[in-house]
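Me: I'd like a close look at one part of this model, and then a bit about the ring contacts elsewhere. Take your time with it.

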Amino acid sequence: MCGIIGYCGPKPAAPILVEGLRRLEYRGYDSAGICVHEEGALRVYKKKGKIAELRKHVPTGLKGTIGIGHTRWATHGEVNDNNAHPHIDEENMIAVVHNGIIENYASLKEKLQEDGRVFRTDTDSEVIAYLIASLYEGDLERAVKQAVQLLKGTYGIVCLHQNEPNLLVGARNGSPLVLGVGDDEMFLASDVTAMIAYTKQVVYLEDGEVVAVRSDGFQTSDVKDRPIDKRVDFISWELQEIEKEGYDHFMQKEIFEQPQSILRAMQGRFDYEYGTAKLGGLNMSKQELQSVERVKIVAAGTSFHAGILASYLLENIARIPCTAELASELRYRNPIVERNTIYFAVSQSGETADTLYAMRELQRKGARVLGICNVVGATIPRESDGGVYIHSGPEIAVASTKAFTSQLTAFYLFTLLMARMHHMSLEQGTDFIDHMEAVPELVAKTLEKADELRQLAKKYASAQDFLFLGRGLNYPVALEGALKLKEISYIHAEGYSAAEIKHGPIALINEETPSLFLVPEDGLREKVISNMKEVKARKGKVIALAVEGDAEVAEIADDTFTVPRASELVYPFLMVVPLQLLAYYCALELGRDVDQPRNLAKSVTVE
């Protein structure tokens with residue numbers, strides 16, 4: 001959600017901070033600000049709105065070489081200049097930026113007010129600055145360590161003191177914080193994208209750690225002053241991967257990258273000799289995998305839809321009982337951990353708070369939890385018991401697209417692995433691999449017809465409501481299609497199993513509400529066609545995603561988009577891409593902010 005950047009080095013800090021915040025825009029935010037140590041004082045500049053507004057507000061020629069910056073996504077207090085970060089104490093000695101939520105801020109604030117402190121914002125974050133100020137006795141690192149022991153909730157914090165002009169102090173608990181190691185310069189950020197233009201050497205902080213950063217080095221310890229040795233990791237991404245590279249939007253770029261991202265998720269993971277998959281990152285022996293009797297998937301949002309589809313795959317193909325559950329619900333349900341069960345925590349960012357906390361709760365109960373993530377070094381892959389990186393490359397747009405199909409790819413690989421360990425023959429395994437290896441080219445062919453979807457969007461973008469309907473493997477795809485349309489076009493949309501339409505949703509059918517049906521050539525095709533006819537009988541508009549050459553579906557539907565003929569197994573990949581494009585083009589027709597839709601954030605790091 002919110003974004004943090006800090007800099008300490010020989011260069012003027014302000015341009016680096018503002019540019020770092022620009023690279024964090026994709027996370028979602030409503031205001032931004034920076035603080036620079038300039039001529040012996042802390043200079044704070046913050047504005048409601050986009051980074052461009054902040055850039056106008058920051059004076060040119062600032063020479064200070066240390067500072068902090070922040071993009072805010074409001075949780076406490078309305079969106080305005082005053083509530084933006086950084087926050088400073090009443091004497092303007094300490095500046096703090098904070099990601100997360102302080103649950104006991106009200107009681108801390110009351111105590112500080114009793115001591116005569118006068119607060120100036122409506123945020124929970126401001127209390128951190130005042131708390132550190134009340135504990136400060138000439139040593140900022142010590143004051144921060146004392147302060148965080150009094151905080152309840154989640155935080156990624158970076159702070160700066162007027163009297164210590166070559167020091168940044170960062171602390172983490174439940175909200176990501178990464179140290180960047182450059183040549184005689186150091187960075188602190190919530191996301192590596194903020195500093196990838198300057199360094200690829202990073203150190204990932206863990207919960208309970210505090211780091212003291214100077215231009216020539218850093219020291220990491222816990223809140224009890226015990227030193228902690230940290231490993232320096234290397235970022236494999238290139239700077240151009242987080243640029244638009246000629247596309248109008250990051251979402252457009254990421255949709256069109258899917259032939260390559262799906263291929264990356266598969267590469268090197270097929271065992272052609274034995275017709276199976278290789279997933280060494282699971283950290284499980286063949287004997288341990290053979291003993292698995294049940295799989296449970298924990299996720300949120302788009303990743304949850306990938307999990308539902310995976311549950312269908314594992315049960316139908318590997319014959320292993322599997323369920324997908326919302327992480328936010330599972331954590332508070334006091335879940336029962338069953339024997340011979342493995343869990344998957346699925347998150348593009350690897351920092352999704354609900355999924356991370358659910359994973360930790362399951363692990364406390366003795367569960368083996370595997371991660372499926374995109375961001376190397378994120379918290380979920382670090383804390384999980386093993387897992388699979390999907391290798392999508394950076395996903396910048398808030399609405400997830402290529403991560404969804406790459407998560408599916410990881411689950412298809414796991415399904416193949418488990419099926420081959422049970423009943424699937426070598427010949428069937430080889431056929432499975434052949435079908436999967438055809439997917440990137442089939443997706444590319446689907447993308448070649450994107451202009452047809454642009455025309456559909458022109459026709460239907462004025463709709464107030466939409467229904468997305470599918471069966472079997474394509475039911476979760478319908479859910480995902482509805483979510484995409486809601487996220488970026490703000491058109492109300494609902495996804496259902498096509499079979500459920502007569503159990504209530506059919507009451508919504510009228511001439512103004514389009515129903516989009518997914519009609520691949522599978523065992524449920526005839527039943528979906530019957531549902532289409534039910535909608536047509538009630539004068540509803542029908543859009544069909546069908547297979548090339550399906551004249552019967554084309555005759556029933558008002559509008560049809562076709563995908564290449566393929567194996568029943570892989571149609572979800574071919575069906576979801578047109579839905580992503582339809583949502584994208586509808587958003588364009590309506591003039592929406594495609595990459596940064598209102599009220600949303602890329603990485604949801606608070607509950």
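How much space lies in the second largest cavity?

Reply: About 60 Å³ lies in there. Keep in mind that this is a predicted model. The count comes to three cavities of 30 Å³ or more, and here's what surrounds the one you asked about. Its lining is made up of Cys2, His70, Arg72, Trp73, Ala74, Thr75, His76, His85, His98, Gly100, Asp124 and Ser125. Sorted by class, that gives seven polar, three nonpolar and two charged residues. Two strands, β4 (66-72) and β6 (94-102), each supply at least two residues of this lining.

Now for the rings. The structure holds 12 aromatic pairs. One of them is Phe187 with Tyr198, a stacked pair with 5.3 Å centre to centre and 20 degrees between the planes. Phe187 lies in strand β10 (residues 186-189), while Tyr198 lies in the loop between β10 and β11 (201-204), so the pair ties together parts that are 11 residues apart in sequence. As for exposure, Phe187 is buried, at a relative accessible area of 0%, whereas Tyr198 is partly exposed, at 27%. Ring pairs also bring in Tyr7, which forms a cluster with Phe187 and Tyr198.

Charges get involved with rings too. Lys449 has its charged end over the ring of Phe561, 4.9 Å from the ring's centre. Arg598, for its part, lies over the face of Tyr490, 4.0 Å from the ring centre.

Note on methods. Residues are numbered from 1 along each chain as its sequence is written. This is a predicted model: local features need pLDDT of at least 70, side-chain atom pairs count only at pLDDT 80 or more; totals for chains, interfaces and linings use all residues. Side-chain values use heavy atoms; hydrogens and water are left out. Rings of Phe, Tyr and Trp (its six-membered ring) pair if their centres lie within 6.5 Å; planes under 30 degrees apart count as stacked, over 60 as edge-to-face and the rest as tilted. Helices (H or I, at least four residues) and strands (E, at least two) are DSSP runs, numbered from the N terminus. Buried means under 20% relative accessible area, exposed over 50%, partly exposed in between (1.4 Å probe, protein chains only). A charge sits over a ring if NZ of Lys or CZ of Arg is within 6 Å of the ring centre and within 35 degrees of the ring normal. On a 1 Å grid over the protein atoms alone, a cavity is a set of points where a 1.4 Å probe fits but cannot get out, and a pocket is an open set with protein on both sides within 12 Å along at least five of seven lines; lining residues have an atom within 4 Å of a point. Grid points are joined across faces, edges and corners, and a volume is the space filled by probe spheres set on the points. Ala, Val, Leu, Ile, Met, Phe, Trp, Tyr, Cys and Pro count as nonpolar, Asp, Glu, Lys and Arg as charged, and the others, Gly among them, as polar.
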